[in-house]
Amino acid sequence: MTGGLAETMEITIIGTGNMARGIATRALAGGHSVTLLGTEVVKAEALADELSGDVRAGQVGDPLSGDVVVIAVWYAALDDVLRRYGDQLDNKVVVDITNPIDVESFEPLALEAGSAAQEIAAKAPGAKVVKAFNTTFAGTLGEGRVAGHPLDVLIASDHADAKQAVSRLVADARMRPIDAGPLKRAREIEALGYLHMALQQPLDTKYASAVKVLS
């Protein structure tokens, strides 16, 4: 045991898109096991076939297992995930990677709760919600590095053990976890995630850039 966590963590990823692929790739590279849940099991199976390591496939709605649940869907799909799983999320480390934007105008949404992560915490009060991975792009997660530098993953949560679990997942994947404070900091992390996306066109970086803290 390390810090109360088993040597190998079981990571469940809800979603089969590019971010799900990137996070799964890094989790598997770190020696952890991954279960992918897709809206259709064939989508999850197709993604699992592309990956190497201890990876399984299932369908959204299947029972949750494991240490960490990553919700890798668009912001608009969060409510459906929360409705499906309800109190199954109790005591789970639930990682929110979303950036709440209007997909038509590409403008950030003003959320009464302050952030998508805080909305999840309010709707699933038994979950240990963590904001992470929303400032990293799917393409960069494949290697976990940009220009020779490991990706920084900003992590915010009100639960110390949840932060520890996600920090370990990030570190095992050879990236750098950064403790960004309590969950209320998710508002600023989501703003940074949006800004990073908005800079892609003027800088012509093609979603291959990274947010890095240097000192």
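**Aromatic pairs and an internal cavity**

At a relative accessibility of 8%, Phe137 counts as buried in this structure, which is a predicted model. Its ring partner, Tyr207, is partly exposed, with a relative accessible area of 41%. A search of the whole structure finds two aromatic pairs. In one of them, Phe106 and Tyr194 sit 5.8 Å apart, centre to centre, with 45° between the planes, a tilted arrangement. Phe106 belongs to the loop between strand E6 (101-102) and strand E7 (107-108), while Tyr194 is part of helix H7 (residues 186-198), so this pair ties together parts that are 88 residues apart in sequence. Tyr194 is buried, at 16% relative accessible area, whereas Phe106, at 30%, is partly exposed.

The pair of Phe137 and Tyr207 is edge-to-face, with 5.0 Å from centre to centre and 70° between the planes. Here Phe137 lies in the loop between strand E8 (128-131) and helix H5 (138-141), and Tyr207 in the segment after helix H8 (200-203); the pair therefore ties together parts that are 70 residues apart in sequence.

Attention now turns to empty space inside the model. Rolling a probe the size of a water molecule over the atoms reveals where such space is left. The structure holds one cavity of 30 Å³ or more, and the volume of the largest cavity is about 30 Å³. Its lining is formed by Ile23, Arg26, Ala27, Phe133, Leu169, Ala173 and Met175. Helix H1 (residues 18-29) supplies the largest share of this lining, three residues. By character, the lining residues divide into six nonpolar and one charged, with no polar residue.

Definitions and conventions:
Residues are numbered from 1 along each chain as its sequence is written. This is a predicted model: local features need pLDDT of at least 70, side-chain atom pairs count only at pLDDT 80 or more; totals for chains, interfaces and linings use all residues. Side-chain values use heavy atoms; hydrogens and water are left out. On a 1 Å grid over the protein atoms alone, a cavity is a set of points where a 1.4 Å probe fits but cannot get out, and a pocket is an open set with protein on both sides within 12 Å along at least five of seven lines; lining residues have an atom within 4 Å of a point. Grid points are joined across faces, edges and corners, and a volume is the space filled by probe spheres set on the points. Helices (H or I, at least four residues) and strands (E, at least two) are DSSP runs, numbered from the N terminus. Ala, Val, Leu, Ile, Met, Phe, Trp, Tyr, Cys and Pro count as nonpolar, Asp, Glu, Lys and Arg as charged, and the others, Gly among them, as polar. Rings of Phe, Tyr and Trp (its six-membered ring) pair if their centres lie within 6.5 Å; planes under 30 degrees apart count as stacked, over 60 as edge-to-face and the rest as tilted. Buried means under 20% relative accessible area, exposed over 50%, partly exposed in between (1.4 Å probe, protein chains only).
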